[in-house]
Amino acid sequence: MPKSLCISCRTKLPPSELIGGLCFHCKKKGIESLRKFLPIIKFFGYIYKFAPVYAGFIALLYLFFNFSSTFALAILIMVVFITLVISVLGMIPHMIPYSYLLDHMRELEGKFELEFEKYTQCLSKPDASGRQCINHPNQEAVGRCTYCYEPFCAEEFIIVLGKPLYCRNCAMLIPTDINYWAAINGLLSVCIPAFVGILIIVLNFGDISLITAIGFLVFFLIPFGIFFGIFLLYSRMKCQIKAQLYPRHAPLYDPSK
Ligand SMILES: [Zn+2]
Ligand SMILES: [Zn+2]
Ligand SMILES: [Zn+2]
């Protein structure tokens, strides 16, 4: 079988040694950095839930007292910006269906260590053992599942966005639905104060700079952009996974496309 490149370090390796396009060493680095960022993800995942409450409260105050001075609006735009950062960092990891991987870090790391050990042992053997599909010993693997890290042949891979990502077993285990509550939380937190900012500028039109208005509008649109981007990407992934797992239910799907 022709060799493939690790998408990160560009080392040439047999496809059976690549996990979602990454070699074992790069994958290990990836898992380690995810472990490092986990406390940050968890922190924002906790505080972003309160963002609609405080942002909504501030927006109400502004609306009620009609705070329309340049200084007051500068404060509001800062609030919107900070809320945007908190919400985006909190919303994205909780919105994507694979976020549950974050809750299974220990399990993932354990599986990885086990496969890494098996793989290192195989390297010292002169024959090509360890490069075959674990279910079809006479077929060479086309890659490793990004969830269980075991090598599989093409037949058993679920191709997602053109890449062999999961084995059939793991594809059935991994949830594919987006968490809309996380998205709504993020959208409300940012869009309410941003909308109030725009409203106040419109109501007090005349003495307020256009740049502030554009700022509010941009901040208003960013969460929508993120939401639709993730929504479209994961709907496509979900569709592809379902079509390959249950081909009878998707007669129109053509895997060659
Ligand atoms: Zn690599
Ligand atoms: Zn798997
Ligand atoms: Zn196989």
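## Exercises on two zinc sites and their surroundings

The protein donors of the zinc ion (ligand 2) are the SG atoms of Cys145, Cys148, Cys167 and Cys170, lying 2.3 Å from the ion. The structure is a predicted model, and the exercises below start from this site.

**Exercise 1.** Determine which geometry the site of the zinc ion (ligand 2) has, and how its donor residues are spaced in sequence.

*Solution.* Begin with the angles among the four donor atoms, which run from 99 to 119°. Four donors count as tetrahedral if all angles lie between 85 and 135 degrees, and the site of the zinc ion (ligand 2) is accordingly tetrahedral. Next, read the donor residues along the chain, where their spacing is C-x2-C-x18-C-x2-C. Finally, turn to accessibility, by which both Cys167 and Cys170 are buried.

**Exercise 2.** Identify the protein donors of the zinc ion (ligand 1), and explain why their arrangement is called tetrahedral.

*Solution.* The donors are the SG atoms of Cys6, Cys9, Cys23 and Cys26, which lie 2.2 to 2.3 Å from the zinc ion (ligand 1). The four donor atoms subtend angles of 103 to 117° around this ion, and the arrangement is therefore tetrahedral. For comparison, the ideal angle for four tetrahedral donors is 109.5 degrees. In sequence, the donor residues of the zinc ion (ligand 1) follow the spacing C-x2-C-x13-C-x2-C. Buried means under 20% relative accessible area, so Cys23 counts as buried at 6%, and Cys26 counts as buried at 8%.

**Exercise 3.** Decide whether Cys153 and Cys191 are buried or exposed, and state how many disulfides the model contains.

*Solution.* Cys153 has a relative accessibility of 0% and therefore counts as buried, while Cys191, with a relative accessible area of 10%, is buried as well. A disulfide is a covalent bond between the sulfur atoms of two cysteines. With a pair of cysteine sulfur atoms required to lie within 2.5 Å, the count comes to zero disulfides.

**Exercise 4.** Place Cys145 in the packing of the protein, and describe the nonpolar cores.

*Solution.* The largest nonpolar core has 45 residues, and those with the most contacts inside it are Met95, Cys145, Tyr147, Tyr166 and Ile241. Helix H8 (residues 210-245) gives the most to this core, contributing six residues. A second, separate core of 16 residues includes Ile77, Val190, Phe216 and Phe219. Cys145, which is also a donor to the zinc ion (ligand 2), touches residues beyond four places in sequence that include Ile19, Phe152, Phe157, Leu165 and Tyr166, together with Cys167 and Cys170.

**Exercise 5.** Work out where the acidic residues Glu115 and Glu156 lie, and which side chains they meet in polar contacts.

*Solution.* Take Glu115 first: this residue lies in helix H5 (residues 105-123), and at 5% relative accessibility it counts as buried. The side chain of Glu115 makes a polar contact of 3.0 Å with the side chain of Lys118. Beyond its neighbours within four places in sequence, Glu115 is in contact with Phe24, Arg144, Cys148, Tyr149, Glu150 and Pro151, and Cys148 is one of the donors of the zinc ion (ligand 2).

Glu156 lies in the loop between strand E4 (151-152) and strand E5 (157-160), and it is buried, with a relative accessible area of 13%. Its side chain is joined to that of His136 by a polar contact of 3.0 Å. Leaving out residues up to four places away in sequence, Glu156 touches Cys133, Asn135, His136, Tyr166, Cys167 and Arg168. The C-alpha atoms of Glu156 and Cys145 are separated by 9.7 Å, the two residues being eleven residues apart along the chain.

Note on methods: Residues are numbered from 1 along each chain as its sequence is written. Chains are lettered from A and ligands numbered from 1 in the order in which they are written. This is a predicted model: local features need pLDDT of at least 70, side-chain atom pairs count only at pLDDT 80 or more; totals for chains, interfaces and linings use all residues. Side-chain values use heavy atoms; hydrogens and water are left out. Donors are N, O and S atoms within 2.8 Å of the metal (3.2 Å for Na, K and Ca); water is not among the atoms, so sites may look incomplete. Four donors count as tetrahedral if all angles lie between 85 and 135 degrees; four count as square planar and six as octahedral if opposite donors are over 155 degrees apart and all others between 65 and 115; anything else is irregular. Buried means under 20% relative accessible area, exposed over 50%, partly exposed in between (1.4 Å probe, protein chains only). Helices (H or I, at least four residues) and strands (E, at least two) are DSSP runs, numbered from the N terminus. A polar contact is a pair of N or O atoms within 3.5 Å; within protein, one must be able to donate a hydrogen and the other to accept it, and residues adjacent in sequence count only if both atoms are side-chain atoms. Contact means heavy atoms within 4.5 Å. A nonpolar core is a set of buried Ala, Val, Leu, Ile, Met, Phe, Trp, Tyr and Cys residues joined through side-chain atoms within 4.5 Å.
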